[in-house]
Amino acid sequence: MYTETQIIKSGAPASIAGALDGTGELVINVGPQHPATHGVLHLVITLNGETIRKIEPHLGYIHRSIEKMCESLSYRQFIYVTSRMDYLSSHINNHACALTVEKGLQLEIPPRAQVIRVLMDELTRVASHELWWGAMAMDLGAFTPFFYAFRERETITDIMEETCGARLTMNYICPGGVNYDIHPNFQRRVKDFIQLFKSKIHEYDELVTGNIIFQNRMKGVGTLSREDAISFGCTGPVARGSGVSSDIRKLFPYEIYDKLNFEEITETAGDSFARYMVRIREMHQSISIIEQLIDNIPEGDFQAKTKAVLKLPKGEFYSRVETARGELGVYIVSEGGTTPYRIKFRSPGFSNLSALDHMARGSKLGDLVAMMGTLDLVIPDIDR
Amino acid sequence: MFIKDYISDVYKAVRSLLTGMKTTGKYFIHPGEIITQQYPENRDQLHLPERFRGEVVMIHDENNEHACTGCTACELACPNATIKIITKFDISPEGKKKKALDTFIYHLELCTMCNLCIQACPTDAIKMAQNFEHSVYDRSKLTKKLNQPGSKIKEGVE
């Protein structure tokens, strides 16, 4: 053990020395390798006692320069790279890219492909929210919910494995439709999953939602007001937890979302529990969308006829989709060639993380875990 | 009033904890509902769907013949430079020179299983296999030669 004087004499930074006399601030590092950060996120936290004064996220530990990489890949090739951004909703990332390329090519997508895409998107959203639920409960100290969440999520990954050929990085969507038709077992297995989900979802509420420990740790923690959520550019469940209507599926409908019957979930409290409830209720909405579509997949082609080499006309193209974490925008600048001149991804995680500092100021260090858990951070999505 | 609220809070809290413990307790006394798979002990019963993408293989028939013409469409379609095709010139009995496949080099360590090469192949010469256990002790073993020794192109494939 070091004594106080030894630390001060050894030339420790002023911040540490100041903390020892009880007046100054203490700077600690959470991450880049830390179980609560779900990846290589590095937070530099300035503390006064146990109260957070400031949080500074240091990014770049998993930066792979995906935007620059895409500039050397063709319009068919670059879609697979985006699975590696937000790997929990990789299908929806691929969807956003395909939509942008189709906008440039002015392609008409067959109705069967549109329905399959939406079905896969919603399955991915449920899988992503389930993993978030398990991981968040694990952050707050409960290990069992993680396994319960993975039991249902495993059913979805099995469906994905059968139809798309991979469990996580599916690469199923291509410009013009989907790569291959759904597996003959697909409809039966999705119906089985819906039944399983409905018979098990009450366990989620019994284990975590109603639990007094979780409620006390989430209610009133990390409150983000409606105005702040807008000014920080938050989207997805984080913004909807603060009462901001931000569902791209409702505001700027793509594919067949305007013909579907579903609700946009919003809560008004803006705290961690509101964000939690938004995601839990969103799972039910996604299941309802899947139920509407699973028996009504129209017959026809699953892919529009496209040329072997895609060339976008000169110009700028932007499209956005609602991923499990918020709004993902894909912006392509084309010079008329086979590869994009510049590509930019507006990823939801980056904007949501920027609200963390504002949210956490003045609260205790232990509450930070609950805030990070309900922000649903996926670090490769933030760093790209 | 304060004591009444306090007691009701304690009652609700204990009840919420017991509700959760009931759920976990149910699984504790019903081990049949546990779905854990004992990998690798269950390797023999492991059934992977036919679309599962594990690695790229070249299809050879019983005469050790493949359908690859060496057109390099897969090499161009690959985003990671996983495939390298070396071609040679075969001399036919009439004395004509014809381009043919010499070596199909496949770098498994670079492959992301995106399936773009399979879709690009005009003669369906390659496919995805279901093998997913790729661990080796030496990285150089991951660079594979896909066409078998002594194999030649099928009759009639152009």
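Let's start in chain B of this predicted model, at strand S4 (residues 97-107), which runs antiparallel to S6(B) and is joined to that strand by three bridges. One spot to look for along this pairing is B:Ile105, which faces B:Lys145 in S6(B). Step back a little and you'll see that the two strands belong to an open, antiparallel sheet of three strands in chain B, ordered S3-S4-S6. Strand S3 (83-91) and strand S6 (143-145) of chain B sit at the edges, each pairing on one side only. If you ignore direction, neighbouring strands in this sheet are turned by 30° against each other on average.

Now zoom out to chain B as a whole. The chain has three helices and seven strands, and along the sequence they come in the pattern α-β-β-α-β-β-α-β-β-β. What does the overall shape look like in numbers? The C-alpha trace of chain B spans about 105 × 35 × 30 Å along its principal axes. The radius of gyration tells a similar story: chain B has 28 Å, whereas a compact globule of 158 residues would come out near 15 Å. As for burial, 17% of the 158 residues in chain B count as buried. Still, take the contacts in chain B with a separation of 6 or more, and 74% of them turn out to link residues 24 or more positions apart.

Next, hop over to chain A, which has a three-stranded sheet too. This one is open, with the order S6-S7-S8 and antiparallel pairing. S6 and strand S8 (342-346) of chain A are the edge strands, so to speak, each pairing on one side only. On average, and with direction ignored, neighbouring strands here are turned by 10° against each other. Helix H5 (residues 90-105) of chain A packs on this sheet and touches S6 and S7 of chain A, with its direction making about 145° with that of S6(A).

Let's walk through the strands of that sheet. Strand S6 (residues 315-322) and strand S7 (residues 327-334) of chain A pair in the antiparallel sense over eight bridges. Within that ladder, A:Phe317 has A:Ile332 in S7(A) as its bridge partner. Four residues lie between the strands of this hairpin, and A:Gly326 takes a positive phi there, near 145°. On the other side of the pairing scheme, S7(A) and S8(A) run antiparallel and are joined by five bridges. Here A:Tyr331 is the residue to find, standing opposite A:Lys344 in S8(A).

Where do the two chains meet? In all, 18 residues of chain A are in contact with 20 residues of chain B. On the chain A side, helix H7 (144-164) and helix H8 (186-209) are the elements that give two or more residues. H7(A) gives the most, with four residues. By character, the chain A residues on this side divide into five nonpolar, seven polar and six charged.

Finally, have a look at the largest nonpolar core, which has 115 residues. The residues with the most contacts inside this core are A:Leu123, A:Leu356, A:Met371, A:Leu377 and B:Cys117. Helix H6 (residues 111-139) of chain A gives the most to the core, with 14 residues. To get a feel for the surroundings, pick A:Leu377: leaving aside neighbours within four places in sequence, its contacts are A:His38, A:Leu41, A:Gly349, A:Leu353, A:Met372 and A:Ile382.

How values were computed:
Residues numbered from 1 in each chain as written. Chains lettered and ligands numbered in written order. Predicted model: local features only at pLDDT ≥ 70, side-chain atom pairs only at ≥ 80, totals over all residues. Rg over C-alpha atoms; globule rule 2.2 N^0.38 Å. Buried ≥ 20, exposed ≤ 12 C-beta atoms within 10 Å, placed from the backbone. Contact = placed C-beta atoms within 7 Å. Pairing = 2+ DSSP bridges. Nonpolar A, V, L, I, M, F, W, Y, C, P; charged D, E, K, R; others polar. Axes fitted to C-alpha atoms, helices over the stretch in contact; angles between N-to-C directions. Core = buried A, V, L, I, M, F, W, Y, C linked by C-beta atoms within 7 Å.
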